[in-house]
Amino acid sequence: MKKFALALSALLLAGAYHPAQAQEERRKPPSFEEMDANGDGLLTKDELKGRLLDELDLLDSDGDGALSESELPEPPKRRS
Ligand SMILES: [Ca+2]
Ligand SMILES: [Ca+2]
């Protein structure tokens, strides 16, 4: 019982020290569905952020000014 409480407080301390949200963001890039705010299956300029927005012209192979899921580069996959 004492051990459990100790483990629990260690967990809480670890959680306070490393904000879970920041870690989650670094580990998991947003999925296509998450970025597609209006759900039309295309990522337009106002839905893109950061590197993808910068590279929109490069990635937009059919030139419609938006990225479809097939135009989106594969996110780096890491298996544990
Ligand atoms: Ca959209
Ligand atoms: Ca396109």
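Ala66 is buried, as its relative accessible area is 4% (buried means under 20% relative accessible area, exposed over 50% and partly exposed in between, with a 1.4 Å probe and protein chains only). The model is a predicted one, in which local features need pLDDT of at least 70, side-chain atom pairs count only at pLDDT 80 or more, and totals for chains, interfaces and linings use all residues. Residues are numbered from 1 along each chain as its sequence is written, chains are lettered from A and ligands numbered from 1 in the order in which they are written, and side-chain values use heavy atoms, with hydrogens and water left out.

Ala66 contributes its O atom to the calcium ion (ligand 2), whose other protein donors are Asp60 (OD), Asp62 (OD), Asp64 (OD), Glu71 (OE) and Glu71 (OE), at 2.2 to 2.6 Å from the ion. Donors are N, O and S atoms within 2.8 Å of the metal (3.2 Å for Na, K and Ca); water is not among the atoms, so sites may look incomplete. Along the chain, the spacing of these donors is D-x1-D-x1-D-x1-A-x4-E. Glu71 is buried, at 9% relative accessibility.

The calcium ion (ligand 1) is bound by Asp36 (OD), Asn38 (OD1), Asp40 (OD), Leu42 (O), Glu47 (OE) and Glu47 (OE), again at 2.2 to 2.6 Å. Its donors show the spacing D-x1-N-x1-D-x1-L-x4-E. Asp36 is buried at 7% relative accessibility, whereas Asn38 is exposed at 53%.

Around the calcium ion (ligand 1), the arrangement is irregular because the six donor atoms subtend angles of 52 to 159 degrees. The site of the calcium ion (ligand 2) is irregular, with angles of 51 to 157 degrees among six donor atoms. Four donors count as tetrahedral if all angles lie between 85 and 135 degrees; four count as square planar and six as octahedral if opposite donors are over 155 degrees apart and all others between 65 and 115; anything else is irregular.
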